[in-house]
Amino acid sequence: MYPIDLLSPSHLFNNVVSTNTGFLPDKPIPRLPEAYSAWENALSRAQEVLILGENITEEDAQRRADGELWRSQIRELPVISINDLKADKQLLRRAHKVLAFLVHFFVHSIPSDQTAGSVLIPRSLATPLLAVSEILRMAPVLTFADTVLWNWDLINPELPVTIENMHFGVELFSGTEDERNFWFGNAKVEVLGVEMLQLFNEYHSLPNVSDFASVCKINRLLTRLVAILDRVEETLTSMRDLVDPSVFYWQVRPWFNGSASGPSCPTWIFEDGPDASTLDLSGPSAGQSSVMHALDIFLDVDFKLQQRRYPAPSESNKRADVGFMERMRRYMPGAHRDYLSHLANTTRPLRELAKSTPAVKESYNAAVSAVRKFRDSHIRIACLYVVSMARSTAIPVGCPVFAMLQRMERQKNQTGRSTGTGGNELSLLLKSNRDATARAAIKS
Ligand code: HEM
(Lines give C-alpha, C1' and ligand atoms only; values in the text may rest on other atoms or scores of the structure.)
Protein backbone atom coordinates (compact mmCIF):
# COMPACT_ATOMS: atom_id res chain seq x y z
CA MET A 1 0.00 0.00 0.00
CA TYR A 2 0.98 3.63 -0.41
CA PRO A 3 1.93 5.98 2.47
CA ILE A 4 -1.05 8.13 3.39
CA ASP A 5 0.27 11.38 1.79
CA LEU A 6 0.71 9.63 -1.54
CA LEU A 7 -2.92 8.66 -1.87
CA SER A 8 -4.28 11.63 -3.83
CA PRO A 9 -5.80 10.78 -7.22
CA SER A 10 -3.23 12.95 -8.98
CA HIS A 11 -0.33 11.24 -7.19
CA LEU A 12 -1.76 7.84 -8.10
CA PHE A 13 -2.39 9.11 -11.62
CA ASN A 14 1.28 9.85 -12.02
CA ASN A 15 2.49 6.65 -10.40
CA VAL A 16 0.01 3.97 -11.39
CA VAL A 17 -1.33 5.31 -14.66
CA SER A 18 1.15 6.09 -17.40
CA THR A 19 0.54 9.43 -19.13
CA ASN A 20 1.47 7.71 -22.36
CA THR A 21 -0.18 4.29 -22.07
CA GLY A 22 -2.76 4.56 -19.24
CA PHE A 23 -3.23 1.17 -17.56
CA LEU A 24 -1.12 -0.51 -20.25
CA PRO A 25 2.53 -0.82 -19.19
CA ASP A 26 5.04 1.37 -21.04
CA LYS A 27 6.33 -1.82 -22.59
CA PRO A 28 5.71 -5.45 -21.50
CA ILE A 29 8.73 -7.71 -21.22
CA PRO A 30 8.78 -10.51 -23.82
CA ARG A 31 10.14 -13.38 -21.69
CA LEU A 32 10.97 -14.35 -18.12
CA PRO A 33 14.62 -15.00 -17.13
CA GLU A 34 16.23 -18.37 -17.88
CA ALA A 35 15.30 -19.88 -14.48
CA TYR A 36 11.66 -19.76 -15.60
CA SER A 37 12.16 -21.15 -19.10
CA ALA A 38 10.17 -24.29 -18.19
CA TRP A 39 7.02 -22.11 -17.94
CA GLU A 40 7.78 -20.15 -21.10
CA ASN A 41 8.55 -23.30 -23.10
CA ALA A 42 5.38 -25.01 -21.88
CA LEU A 43 3.37 -22.01 -23.04
CA SER A 44 4.92 -22.03 -26.52
CA ARG A 45 4.32 -25.78 -26.80
CA ALA A 46 0.71 -25.45 -25.59
CA GLN A 47 -0.01 -22.98 -28.37
CA GLU A 48 1.41 -25.43 -30.91
CA VAL A 49 -0.32 -28.65 -29.86
CA LEU A 50 -3.31 -28.12 -27.58
CA ILE A 51 -6.91 -27.80 -28.69
CA LEU A 52 -10.09 -27.56 -26.64
CA GLY A 53 -10.67 -30.84 -24.83
CA GLU A 54 -14.33 -30.81 -25.82
CA ASN A 55 -13.29 -30.84 -29.51
CA ILE A 56 -11.28 -34.06 -29.11
CA THR A 57 -13.17 -37.11 -30.27
CA GLU A 58 -12.68 -40.57 -28.77
CA GLU A 59 -10.87 -41.70 -31.93
CA ASP A 60 -8.46 -38.78 -32.04
CA ALA A 61 -5.58 -40.69 -30.49
CA GLN A 62 -2.88 -38.23 -31.59
CA ARG A 63 -4.57 -35.19 -30.01
CA ARG A 64 -5.24 -37.15 -26.85
CA ALA A 65 -1.61 -38.28 -26.63
CA ASP A 66 -0.19 -34.77 -27.30
CA GLY A 67 -2.42 -33.25 -24.64
CA GLU A 68 -1.75 -35.97 -22.07
CA LEU A 69 2.02 -35.68 -22.61
CA TRP A 70 1.90 -31.88 -22.19
CA ARG A 71 -0.19 -32.11 -19.02
CA SER A 72 1.97 -34.86 -17.53
CA GLN A 73 5.08 -32.72 -18.15
CA ILE A 74 3.34 -29.86 -16.33
CA ARG A 75 2.51 -32.17 -13.40
CA GLU A 76 6.16 -33.25 -13.21
CA LEU A 77 7.61 -29.74 -13.20
CA PRO A 78 9.18 -28.67 -9.91
CA VAL A 79 7.67 -25.77 -7.96
CA ILE A 80 9.93 -22.93 -9.08
CA SER A 81 10.47 -20.22 -6.45
CA ILE A 82 9.26 -16.75 -7.44
CA ASN A 83 11.87 -15.03 -5.22
CA ASP A 84 13.82 -13.71 -8.21
CA LEU A 85 10.71 -12.03 -9.60
CA LYS A 86 9.53 -10.24 -6.49
CA ALA A 87 11.49 -7.02 -6.90
CA ASP A 88 10.32 -6.31 -10.44
CA LYS A 89 6.70 -5.45 -11.22
CA GLN A 90 7.16 -6.22 -14.90
CA LEU A 91 8.48 -9.70 -14.19
CA LEU A 92 5.61 -10.39 -11.80
CA ARG A 93 3.09 -9.36 -14.46
CA ARG A 94 4.71 -11.56 -17.07
CA ALA A 95 4.74 -14.46 -14.59
CA HIS A 96 1.02 -13.95 -13.82
CA LYS A 97 0.21 -13.93 -17.50
CA VAL A 98 2.28 -17.02 -18.37
CA LEU A 99 1.01 -19.05 -15.40
CA ALA A 100 -2.62 -18.03 -15.90
CA PHE A 101 -2.47 -19.00 -19.59
CA LEU A 102 -0.89 -22.33 -18.59
CA VAL A 103 -3.67 -23.00 -16.06
CA HIS A 104 -6.40 -22.31 -18.66
CA PHE A 105 -4.56 -24.45 -21.23
CA PHE A 106 -4.25 -27.22 -18.65
CA VAL A 107 -7.93 -27.22 -17.62
CA HIS A 108 -9.57 -26.73 -21.01
CA SER A 109 -7.40 -29.14 -22.99
CA ILE A 110 -8.62 -32.12 -20.94
CA PRO A 111 -11.04 -34.19 -23.07
CA SER A 112 -14.56 -33.74 -21.68
CA ASP A 113 -14.97 -37.46 -21.05
CA GLN A 114 -12.04 -37.23 -18.59
CA THR A 115 -13.26 -34.35 -16.43
CA ALA A 116 -15.55 -35.23 -13.59
CA GLY A 117 -16.86 -32.43 -11.37
CA SER A 118 -13.40 -31.07 -10.61
CA VAL A 119 -9.91 -30.53 -12.05
CA LEU A 120 -6.73 -30.60 -9.97
CA ILE A 121 -4.32 -27.79 -10.91
CA PRO A 122 -0.85 -29.18 -10.15
CA ARG A 123 1.29 -27.43 -7.55
CA SER A 124 3.91 -26.56 -10.23
CA LEU A 125 1.39 -23.99 -11.54
CA ALA A 126 -0.84 -23.44 -8.51
CA THR A 127 1.85 -22.48 -5.98
CA PRO A 128 3.66 -19.80 -8.04
CA LEU A 129 0.41 -18.42 -9.49
CA LEU A 130 -1.09 -17.98 -6.03
CA ALA A 131 2.14 -16.35 -4.77
CA VAL A 132 2.48 -13.93 -7.71
CA SER A 133 -1.22 -13.03 -7.52
CA GLU A 134 -0.91 -12.24 -3.85
CA ILE A 135 1.91 -9.78 -4.49
CA LEU A 136 0.08 -8.14 -7.41
CA ARG A 137 -3.14 -8.22 -5.33
CA MET A 138 -5.20 -9.76 -8.11
CA ALA A 139 -7.16 -12.95 -8.81
CA PRO A 140 -5.17 -16.17 -9.52
CA VAL A 141 -6.86 -16.75 -12.87
CA LEU A 142 -6.65 -15.37 -16.39
CA THR A 143 -7.80 -11.73 -16.32
CA PHE A 144 -8.35 -8.77 -18.63
CA ALA A 145 -4.85 -7.56 -17.64
CA ASP A 146 -3.24 -10.82 -18.86
CA THR A 147 -5.14 -10.99 -22.12
CA VAL A 148 -5.24 -7.30 -23.08
CA LEU A 149 -3.09 -4.96 -20.97
CA TRP A 150 -0.01 -7.21 -20.91
CA ASN A 151 -0.56 -9.16 -24.13
CA TRP A 152 1.26 -7.03 -26.69
CA ASP A 153 4.70 -6.05 -27.88
CA LEU A 154 6.17 -3.36 -30.10
CA ILE A 155 6.41 -4.05 -33.81
CA ASN A 156 9.43 -1.76 -34.04
CA PRO A 157 11.07 -1.29 -30.62
CA GLU A 158 12.85 1.82 -31.91
CA LEU A 159 9.54 3.63 -32.48
CA PRO A 160 7.22 5.05 -29.80
CA VAL A 161 4.23 3.22 -28.31
CA THR A 162 1.34 3.98 -30.65
CA ILE A 163 -1.55 1.75 -31.67
CA GLU A 164 0.02 1.37 -35.16
CA ASN A 165 3.28 0.15 -33.60
CA MET A 166 1.67 -2.38 -31.24
CA HIS A 167 1.20 -6.07 -31.97
CA PHE A 168 -1.66 -7.45 -29.83
CA GLY A 169 -2.57 -11.00 -28.89
CA VAL A 170 1.02 -12.22 -28.49
CA GLU A 171 -0.38 -15.19 -26.57
CA LEU A 172 -3.50 -16.85 -27.99
CA PHE A 173 -5.50 -19.98 -27.22
CA SER A 174 -7.14 -20.79 -30.55
CA GLY A 175 -4.48 -19.09 -32.69
CA THR A 176 -7.25 -17.59 -34.84
CA GLU A 177 -7.20 -14.04 -36.20
CA ASP A 178 -10.68 -13.69 -34.66
CA GLU A 179 -9.21 -14.18 -31.19
CA ARG A 180 -6.40 -11.72 -31.90
CA ASN A 181 -8.92 -9.17 -33.19
CA PHE A 182 -11.10 -9.66 -30.13
CA TRP A 183 -8.17 -8.67 -27.88
CA PHE A 184 -7.16 -5.96 -30.33
CA GLY A 185 -10.64 -4.34 -30.16
CA ASN A 186 -10.48 -4.30 -26.38
CA ALA A 187 -6.93 -2.94 -26.45
CA LYS A 188 -7.92 -0.12 -28.80
CA VAL A 189 -10.46 0.98 -26.20
CA GLU A 190 -7.69 0.96 -23.56
CA VAL A 191 -5.54 3.15 -25.80
CA LEU A 192 -8.46 5.55 -26.35
CA GLY A 193 -8.93 5.40 -22.60
CA VAL A 194 -5.54 7.05 -22.03
CA GLU A 195 -7.06 10.34 -23.19
CA MET A 196 -10.01 9.79 -20.87
CA LEU A 197 -7.71 9.26 -17.89
CA GLN A 198 -5.76 12.40 -18.74
CA LEU A 199 -9.00 14.30 -18.90
CA PHE A 200 -10.17 13.03 -15.48
CA ASN A 201 -6.83 14.14 -14.10
CA GLU A 202 -7.22 17.59 -15.65
CA TYR A 203 -10.60 17.94 -13.95
CA HIS A 204 -9.24 16.90 -10.57
CA SER A 205 -6.25 19.23 -10.95
CA LEU A 206 -8.34 22.38 -11.58
CA PRO A 207 -7.60 24.96 -8.87
CA ASN A 208 -11.35 25.45 -8.38
CA VAL A 209 -14.59 24.51 -10.10
CA SER A 210 -16.78 27.49 -9.41
CA ASP A 211 -15.46 30.46 -11.41
CA PHE A 212 -16.56 31.16 -14.96
CA ALA A 213 -13.26 30.06 -16.54
CA SER A 214 -13.34 26.72 -14.70
CA VAL A 215 -16.93 26.04 -15.72
CA CYS A 216 -15.99 26.69 -19.37
CA LYS A 217 -12.99 24.39 -18.99
CA ILE A 218 -15.16 21.61 -17.49
CA ASN A 219 -17.59 21.91 -20.39
CA ARG A 220 -14.71 21.62 -22.84
CA LEU A 221 -13.41 18.54 -21.02
CA LEU A 222 -16.85 16.92 -21.19
CA THR A 223 -17.19 17.72 -24.88
CA ARG A 224 -13.82 16.04 -25.44
CA LEU A 225 -15.03 13.06 -23.42
CA VAL A 226 -18.09 12.66 -25.65
CA ALA A 227 -15.86 12.68 -28.75
CA ILE A 228 -13.65 9.93 -27.23
CA LEU A 229 -16.72 7.88 -26.29
CA ASP A 230 -17.99 8.10 -29.86
CA ARG A 231 -14.68 6.56 -30.99
CA VAL A 232 -14.98 3.87 -28.32
CA GLU A 233 -18.42 2.98 -29.62
CA GLU A 234 -17.13 2.92 -33.23
CA THR A 235 -14.32 0.60 -32.15
CA LEU A 236 -16.82 -1.73 -30.54
CA THR A 237 -19.15 -1.87 -33.54
CA SER A 238 -16.20 -2.31 -35.94
CA MET A 239 -15.43 -5.60 -34.18
CA ARG A 240 -18.34 -7.13 -36.09
CA ASP A 241 -16.18 -7.04 -39.23
CA LEU A 242 -13.13 -8.48 -37.51
CA VAL A 243 -14.43 -11.20 -35.21
CA ASP A 244 -16.65 -13.99 -36.52
CA PRO A 245 -19.39 -14.69 -33.94
CA SER A 246 -19.30 -18.43 -34.45
CA VAL A 247 -15.49 -18.69 -34.20
CA PHE A 248 -15.63 -16.50 -31.08
CA TYR A 249 -18.37 -18.51 -29.42
CA TRP A 250 -17.21 -22.03 -30.25
CA GLN A 251 -13.44 -21.80 -30.53
CA VAL A 252 -12.31 -18.83 -28.46
CA ARG A 253 -14.65 -18.15 -25.55
CA PRO A 254 -14.60 -21.64 -23.98
CA TRP A 255 -10.90 -21.14 -23.12
CA PHE A 256 -11.80 -18.17 -20.88
CA ASN A 257 -14.06 -20.11 -18.53
CA GLY A 258 -12.91 -20.10 -14.93
CA SER A 259 -13.80 -22.46 -12.13
CA ALA A 260 -17.44 -23.62 -12.07
CA SER A 261 -18.30 -21.09 -14.82
CA GLY A 262 -21.49 -22.96 -15.66
CA PRO A 263 -23.41 -26.07 -14.67
CA SER A 264 -21.20 -28.28 -16.86
CA CYS A 265 -17.86 -26.61 -15.96
CA PRO A 266 -15.65 -28.32 -13.39
CA THR A 267 -14.56 -26.77 -10.11
CA TRP A 268 -10.85 -26.05 -9.93
CA ILE A 269 -8.78 -27.37 -7.05
CA PHE A 270 -5.39 -25.72 -6.51
CA GLU A 271 -3.03 -28.42 -5.22
CA ASP A 272 -1.72 -27.35 -1.76
CA GLY A 273 -3.84 -24.18 -2.16
CA PRO A 274 -6.88 -22.81 -0.38
CA ASP A 275 -10.42 -23.94 -1.13
CA ALA A 276 -11.51 -22.72 -4.59
CA SER A 277 -14.64 -21.17 -3.07
CA THR A 278 -12.41 -18.65 -1.25
CA LEU A 279 -10.72 -17.50 -4.50
CA ASP A 280 -11.90 -15.30 -7.38
CA LEU A 281 -11.81 -17.63 -10.37
CA SER A 282 -14.23 -16.32 -13.01
CA GLY A 283 -11.91 -15.74 -15.96
CA PRO A 284 -11.30 -12.64 -18.09
CA SER A 285 -13.96 -10.05 -18.94
CA ALA A 286 -13.88 -6.50 -20.29
CA GLY A 287 -15.91 -5.83 -17.14
CA GLN A 288 -12.42 -5.84 -15.54
CA SER A 289 -11.19 -2.91 -17.64
CA SER A 290 -9.99 -0.24 -15.20
CA VAL A 291 -10.58 2.44 -17.84
CA MET A 292 -14.27 1.57 -18.05
CA HIS A 293 -14.52 1.57 -14.25
CA ALA A 294 -12.76 4.94 -14.06
CA LEU A 295 -15.28 6.33 -16.55
CA ASP A 296 -18.25 5.05 -14.56
CA ILE A 297 -16.75 6.41 -11.35
CA PHE A 298 -16.07 9.81 -12.92
CA LEU A 299 -19.72 10.07 -14.00
CA ASP A 300 -20.97 8.38 -10.80
CA VAL A 301 -22.93 5.50 -12.34
CA ASP A 302 -24.68 3.59 -9.55
CA PHE A 303 -24.58 -0.08 -10.63
CA LYS A 304 -25.56 -1.29 -7.18
CA LEU A 305 -28.84 0.68 -7.28
CA GLN A 306 -28.10 2.32 -3.94
CA GLN A 307 -29.01 5.91 -4.87
CA ARG A 308 -32.52 7.25 -5.29
CA ARG A 309 -32.53 8.09 -8.98
CA TYR A 310 -35.09 8.43 -11.73
CA PRO A 311 -36.65 6.29 -13.18
CA ALA A 312 -36.73 3.73 -10.38
CA PRO A 313 -35.07 0.39 -11.30
CA SER A 314 -37.37 -2.06 -13.10
CA GLU A 315 -38.11 -5.47 -11.64
CA SER A 316 -35.61 -7.07 -14.07
CA ASN A 317 -32.96 -4.49 -13.08
CA LYS A 318 -33.40 -5.62 -9.50
CA ARG A 319 -33.02 -9.27 -10.48
CA ALA A 320 -29.67 -8.60 -12.22
CA ASP A 321 -26.31 -9.26 -10.61
CA VAL A 322 -25.83 -5.72 -9.31
CA GLY A 323 -22.59 -6.65 -7.54
CA PHE A 324 -20.91 -7.80 -10.79
CA MET A 325 -18.92 -4.62 -11.48
CA GLU A 326 -17.65 -4.39 -7.90
CA ARG A 327 -16.61 -8.05 -8.00
CA MET A 328 -14.77 -7.51 -11.30
CA ARG A 329 -12.44 -5.03 -9.55
CA ARG A 330 -10.89 -7.90 -7.60
CA TYR A 331 -9.53 -9.20 -10.92
CA MET A 332 -7.59 -6.00 -11.57
CA PRO A 333 -4.03 -5.50 -10.35
CA GLY A 334 -4.30 -4.00 -6.85
CA ALA A 335 -2.55 -0.78 -7.88
CA HIS A 336 -5.26 -0.10 -10.49
CA ARG A 337 -7.90 -0.72 -7.85
CA ASP A 338 -6.18 1.82 -5.56
CA TYR A 339 -6.39 4.43 -8.30
CA LEU A 340 -10.12 3.71 -8.73
CA SER A 341 -10.91 3.92 -5.02
CA HIS A 342 -9.21 7.26 -4.75
CA LEU A 343 -10.96 8.53 -7.83
CA ALA A 344 -14.21 7.44 -6.16
CA ASN A 345 -13.35 9.23 -2.91
CA THR A 346 -12.81 12.58 -4.57
CA THR A 347 -13.86 15.69 -2.71
CA ARG A 348 -15.05 17.06 -6.06
CA PRO A 349 -17.72 14.69 -7.43
CA LEU A 350 -18.61 15.77 -10.95
CA ARG A 351 -22.27 14.73 -10.78
CA GLU A 352 -22.83 16.83 -7.64
CA LEU A 353 -21.20 19.76 -9.39
CA ALA A 354 -23.43 19.28 -12.45
CA LYS A 355 -26.50 19.15 -10.19
CA SER A 356 -25.65 22.45 -8.56
CA THR A 357 -24.24 24.20 -11.65
CA PRO A 358 -26.81 24.52 -14.47
CA ALA A 359 -24.06 25.51 -16.94
CA VAL A 360 -22.40 22.08 -16.53
CA LYS A 361 -25.56 19.95 -16.49
CA GLU A 362 -26.03 19.71 -20.24
CA SER A 363 -22.47 18.65 -21.03
CA TYR A 364 -22.50 16.19 -18.12
CA ASN A 365 -25.75 14.66 -19.44
CA ALA A 366 -24.25 14.45 -22.93
CA ALA A 367 -21.36 12.39 -21.54
CA VAL A 368 -23.78 10.10 -19.67
CA SER A 369 -25.77 9.68 -22.85
CA ALA A 370 -22.63 8.72 -24.82
CA VAL A 371 -21.84 5.97 -22.29
CA ARG A 372 -25.45 4.78 -22.45
CA LYS A 373 -25.15 4.64 -26.24
CA PHE A 374 -21.98 2.55 -25.89
CA ARG A 375 -23.81 0.13 -23.56
CA ASP A 376 -26.76 -0.07 -25.99
CA SER A 377 -24.37 -1.09 -28.80
CA HIS A 378 -22.60 -3.45 -26.46
CA ILE A 379 -25.87 -5.24 -25.66
CA ARG A 380 -26.41 -5.78 -29.40
CA ILE A 381 -22.85 -7.13 -29.79
CA ALA A 382 -23.13 -9.45 -26.79
CA CYS A 383 -26.47 -10.66 -28.11
CA LEU A 384 -24.97 -11.41 -31.54
CA TYR A 385 -21.83 -13.09 -30.19
CA VAL A 386 -23.20 -14.95 -27.22
CA VAL A 387 -27.00 -15.12 -26.93
CA SER A 388 -27.71 -15.86 -30.63
CA MET A 389 -24.80 -18.29 -30.86
CA ALA A 390 -26.02 -20.19 -27.80
CA ARG A 391 -29.38 -20.61 -29.52
CA SER A 392 -27.99 -21.29 -32.99
CA THR A 393 -28.14 -24.74 -34.52
CA ALA A 394 -25.94 -23.91 -37.54
CA ILE A 395 -22.76 -25.99 -37.70
CA PRO A 396 -19.90 -23.61 -36.93
CA VAL A 397 -16.89 -23.39 -39.22
CA GLY A 398 -13.91 -25.37 -37.91
CA CYS A 399 -15.79 -26.90 -35.00
CA PRO A 400 -16.16 -30.70 -35.06
CA VAL A 401 -19.83 -31.61 -35.29
CA PHE A 402 -19.43 -34.07 -32.43
CA ALA A 403 -18.17 -31.40 -30.02
CA MET A 404 -20.79 -28.94 -31.09
CA LEU A 405 -23.61 -31.43 -30.60
CA GLN A 406 -22.28 -32.26 -27.15
CA ARG A 407 -22.14 -28.61 -26.21
CA MET A 408 -25.64 -27.96 -27.55
CA GLU A 409 -26.94 -30.91 -25.55
CA ARG A 410 -25.39 -29.47 -22.39
CA GLN A 411 -26.85 -26.04 -23.13
CA LYS A 412 -30.29 -27.52 -23.62
CA ASN A 413 -30.07 -28.91 -20.11
CA GLN A 414 -29.22 -25.51 -18.69
CA THR A 415 -31.74 -22.85 -17.74
CA GLY A 416 -32.30 -21.70 -21.33
CA ARG A 417 -30.69 -18.33 -20.60
CA SER A 418 -27.22 -17.37 -21.78
CA THR A 419 -24.67 -16.59 -19.16
CA GLY A 420 -21.56 -14.38 -19.28
CA THR A 421 -17.95 -15.37 -18.62
CA GLY A 422 -18.56 -14.70 -14.96
CA GLY A 423 -21.62 -16.95 -14.92
CA ASN A 424 -24.06 -14.05 -15.00
CA GLU A 425 -27.40 -13.84 -16.60
CA LEU A 426 -26.09 -11.90 -19.50
CA SER A 427 -28.93 -9.79 -20.78
CA LEU A 428 -30.22 -8.91 -17.30
CA LEU A 429 -26.75 -7.75 -16.32
CA LEU A 430 -25.99 -5.72 -19.42
CA LYS A 431 -29.42 -4.07 -19.47
CA SER A 432 -29.25 -3.28 -15.78
CA ASN A 433 -25.84 -1.61 -16.31
CA ARG A 434 -27.20 0.32 -19.29
CA ASP A 435 -30.20 1.49 -17.26
CA ALA A 436 -27.99 2.41 -14.29
CA THR A 437 -25.95 4.55 -16.70
CA ALA A 438 -29.06 6.29 -18.05
CA ARG A 439 -30.20 6.94 -14.47
CA ALA A 440 -27.07 9.01 -13.80
CA ALA A 441 -28.46 11.75 -16.09
CA ILE A 442 -29.67 14.79 -14.16
CA LYS A 443 -33.34 15.52 -14.72
CA SER A 444 -34.67 19.04 -15.06
C1 HEM B 1 -17.09 -8.93 -29.74
C2 HEM B 1 -16.96 -8.06 -28.77
C3 HEM B 1 -17.50 -8.22 -27.37
C4 HEM B 1 -18.28 -9.20 -26.85
C5 HEM B 1 -18.82 -10.45 -27.51
C6 HEM B 1 -18.51 -8.86 -25.45
C7 HEM B 1 -19.22 -9.65 -24.55
C8 HEM B 1 -19.43 -9.33 -23.23
C9 HEM B 1 -20.10 -10.19 -22.31
C10 HEM B 1 -20.66 -11.57 -22.62
C11 HEM B 1 -20.13 -9.55 -21.11
C12 HEM B 1 -20.77 -10.05 -19.81
C13 HEM B 1 -19.80 -10.34 -18.74
C14 HEM B 1 -18.81 -11.37 -19.16
O15 HEM B 1 -19.19 -12.45 -19.59
O16 HEM B 1 -17.64 -11.07 -19.11
C17 HEM B 1 -19.43 -8.29 -21.30
C18 HEM B 1 -19.24 -7.35 -20.31
C19 HEM B 1 -18.63 -6.15 -20.50
N20 HEM B 1 -17.99 -5.74 -21.65
FE21 HEM B 1 -17.98 -6.69 -23.42
N22 HEM B 1 -17.88 -7.68 -25.17
C23 HEM B 1 -17.25 -7.26 -26.31
C24 HEM B 1 -16.47 -6.13 -26.45
C25 HEM B 1 -16.28 -5.21 -25.48
C26 HEM B 1 -15.45 -4.03 -25.61
C27 HEM B 1 -14.63 -3.62 -26.85
C28 HEM B 1 -15.54 -3.37 -24.44
C29 HEM B 1 -14.83 -2.09 -24.08
C30 HEM B 1 -13.95 -2.04 -23.12
C31 HEM B 1 -16.42 -4.11 -23.57
C32 HEM B 1 -16.75 -3.73 -22.30
C33 HEM B 1 -17.50 -4.49 -21.43
C34 HEM B 1 -17.82 -4.06 -20.08
C35 HEM B 1 -17.44 -2.74 -19.43
C36 HEM B 1 -18.55 -5.10 -19.51
C37 HEM B 1 -19.17 -5.14 -18.10
C38 HEM B 1 -20.67 -4.97 -18.19
C39 HEM B 1 -21.14 -3.57 -18.52
O40 HEM B 1 -20.42 -2.61 -18.27
O41 HEM B 1 -22.27 -3.44 -19.04
N42 HEM B 1 -16.83 -5.22 -24.23
N43 HEM B 1 -19.03 -8.20 -22.60
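Colleague: With which residue does E315 form a salt bridge, and how far apart are the closest N and O atoms?
Modeller: This is a predicted model, in which local features need pLDDT of at least 70 and side-chain atom pairs count only at pLDDT 80 or more, while totals for chains, interfaces and linings use all residues. Residues are numbered from 1 along each chain as its sequence is written, and side-chain values use heavy atoms, with hydrogens and water left out. Taking a salt bridge as a side-chain nitrogen of Lys or Arg within 4 Å of a carboxyl oxygen of Asp or Glu, E315 pairs with K318, and the closest N and O atoms are separated by 3.4 Å.

Colleague: Why are E315 and K318 separated by about one helical turn, and which residues do salt bridges that share partners join into one network?
Modeller: Helices here are DSSP runs of H or I with at least four residues, and strands are runs of E with at least two, both numbered from the N terminus. E315 and K318 are about one turn apart because they sit three residues apart in helix α11 (residues 315-319). Elsewhere, salt bridges with shared partners link one network made of E40, R94, K97 and E171.

Colleague: Is E177, which pairs with R180, buried, partly exposed or exposed?
Modeller: The salt bridge between E177 and R180 has its closest N and O atoms 3.2 Å apart, and both residues belong to helix α7 (residues 177-205), three residues apart. Accessibility is classed with a 1.4 Å probe on protein chains only, where buried means under 20% relative accessible area, exposed over 50%, and partly exposed in between. Because E177 has 46% relative accessibility, E177 counts as partly exposed.

Colleague: What is the relative accessible area of R75, and what is that of E68?
Modeller: The side chains of R75 and E68 meet in a salt bridge, at 3.2 Å from N to O. R75 is partly exposed at 43%, and E68 is likewise partly exposed, at 31%.

Colleague: Which protein residue is the single donor to the iron atom of the ligand?
Modeller: Donors are N, O and S atoms within 2.8 Å of the metal (3.2 Å for Na, K and Ca), and since water is not among the atoms, sites may look incomplete. The iron has one protein donor, an NE2 atom 2.1 Å away, and the residue carrying this atom is found in helix α15 (residues 358-391). That residue is H378.

Colleague: Which helix gives the most residues to the largest nonpolar core?
Modeller: A nonpolar core is a set of buried Ala, Val, Leu, Ile, Met, Phe, Trp, Tyr and Cys residues joined through side-chain atoms within 4.5 Å. The largest one has 132 residues, of which W39, F200, L225, L299 and Y339 touch the most other members. With 14 residues, the helix that gives the most to this core is α15.

Colleague: Is S285 buried or exposed, and which residues does it contact beyond four places in sequence?
Modeller: S285 lies in the loop between β4 (267-270) and α10 (290-299), and with 17% relative accessibility it counts as buried. Its C-alpha is 8.1 Å from that of M328, although the two are 43 residues apart in sequence. With contact meaning heavy atoms within 4.5 Å, and neighbours within four places left aside, the partners of S285 are F144, F324 and M328.

Colleague: Which residues does E233 contact, leaving aside its neighbours within four places in sequence?
Modeller: E233 is part of helix α8 (residues 212-242), and its relative accessible area of 13% makes it buried. With those neighbours left aside, the residues in contact with E233 are K373, F374 and S377.
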